[in-house]
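Welcome! Take a moment to look over the sequence and the model, and then let us walk through them together.

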Amino acid sequence: MREMDHTCIISQTPSGPQISRRTALTALGALGALAATPALAGPAAATTYPNPNNTPTSAIRTYGDMIKGLEQLQRTSRGAVTVTTLREVGTAEYLSEQGRELYVAQVGTGTRHLWIQGRIHGDEPYGLDSLMTVLRSLVSSGSPTYRQIREQFTIHFIPVYNPDGSEMNTRTTTLWDETTNQPRLGANGRPLTVDLNRDWAVNGFRARESRAWYEYWTMVKPEYALDIHHQGMKVDRTTGEAITLSLGVSLAPGGPTLPGIRGGEYDVLTRQMAGHVWQQVDHRGHITTDRYDVGEGVVIDIHGGVVSAMMMGLNWNGLNPTGHSNAAIFFETSGNTRDGSLGQKARGKLIQQNVLGVEAWLSGLATGAVQRLDPEIWEQIPHDPVQYYFTDWGGTIPA
Ligand SMILES: [Zn+2]
């Protein structure tokens, strides 16, 4: 069957029914891009590594840009931001596979903790840009809402979860041999790659990034999490409108997993968080929003995704003995670097919609508007009727 290349399922081979995609997507998914990847040159050369995709690199901010931006923010924010690395935090693993530092920016003084991550998929760039913009606003704005957010929460911003993939402009990271400073090779002679959003699994944690960020999560114990991705281009089949932002999460609301967690608490919270953001941003300017899917009537239910594992309270390696868990949602910005659709022209708009979405999510949680919202709003967000759940644990399951 055709490969579905909305963001979160590329590394899987669907075994279920023939599924027609909602929109015409480019044939070259991440697997194609990886096959075209030449031999890697090592961390020092990574910033000059040839872009295997089509998007002009001028539209993409780098890991180095992030460090510069965070350091500048720390200097100018009069203590409102704490920029730290996991090396400084003291997690057992604290570097990426290729040896890059893993950065977190903390804002706020509240006892409730929030987790916001971008760019777990390296070729999905605008989580980085939008989180840097939100960070700057959060520390400089005197508005009562922002003050309330800062007082209630300590927010842990991870602008680049996957620095190596970001530098290589690849979805995955590559497992690295520190001795030879070369990729580790599989039996087929190709570099071993890991989708970091499939690696928080009992038999996962193959990549150092996963072990480092997981341990940090067990220290933070956030109350809510937000994960920013990109998806393929998408059009509403009824109205013909381009969808610019999709809302959902990697365990389907009403699906085979989420309603069974904590008596359905996170199933409800997912609907409320997505519903609140949808109310706040849909049709504001250029923004058109719907529910996240990976094909007509197909939604994901993956257990190895980072925020899935958070919701399931994964206790890996004994690091989460109390079974901490937290609700989470995804933002999916339309356009991937792998289909070359993220030119400079779209950049500002796509970043701005994420900024508005993150701000809506934060203020809704701070004021309690999210928790007061009728979860039935989920049904009002435009979507195709769910027919199949695409899983990483049980094949494709009919709804
Ligand atoms: Zn993604």
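**A helix and its sheet**

Helix 7 (residues 208-220) is largely enclosed by the rest of the structure, because 11 of its 13 residues are buried. Buried means under 20% relative accessible area, with exposed set at over 50% and partly exposed in between (1.4 Å probe, protein chains only). Helices (H or I, at least four residues) and strands (E, at least two) are DSSP runs, numbered from the N terminus. This is a predicted model, in which local features need pLDDT of at least 70 and side-chain atom pairs count only at pLDDT 80 or more, while totals for chains, interfaces and linings use all residues. Residues are numbered from 1 along each chain as its sequence is written, and side-chain values use heavy atoms, leaving out hydrogens and water.

Among the buried residues of helix 7 are Trp-213, Tyr-214, Tyr-216 and Trp-217. Just after the helix comes Lys-221, with a positive phi near 50°. Helix 7 lies across strand 2, strand 3 and strand 4, and runs at about 160° to strand 3. Such angles run from 0 to 180 degrees between N-to-C directions, using axes that are lines fitted to C-alpha atoms, for helices over the stretch in contact.

Now turn to the sheet itself. It is open, and its 8 strands follow the order 1-2-4-3-9-15-12-13 with mixed pairing. Two strands pair if DSSP finds at least two bridges between them. The edges are strand 1 (81-85) and strand 13 (289-291), each pairing on one side only.

Strand 3 (residues 112-118) is a good place to pause. 5 of its 7 residues are buried, so strand 3 is largely enclosed by the rest of the structure. Strand 3 pairs in the parallel sense with strand 4 (residues 153-158) over 6 bridges, and Gln-117 stands opposite Ile-158 there. Strand 3 also runs parallel to strand 9 (residues 224-231), joined to it by 5 bridges; Leu-114 has Tyr-224 as its bridge partner. By contrast, strand 12 (residues 245-248) and strand 15 (residues 327-334) run antiparallel, with 4 bridges.

What about the nonpolar interior? The largest nonpolar core, a set of buried Ala, Val, Leu, Ile, Met, Phe, Trp, Tyr and Cys residues joined through side-chain atoms within 4.5 Å, has 95 residues. Helix 10 (residues 344-367) gives the most to this core, with 9 residues. Trp-361 is one of the residues with the most contacts inside the core, where contact means heavy atoms within 4.5 Å. Trp-361 touches, among others, Leu-114 and Tyr-224, the bridge partners linking strand 3 and strand 9.

Definitions and conventions
Lists of a residue's contacts leave out its neighbours within four places in sequence.
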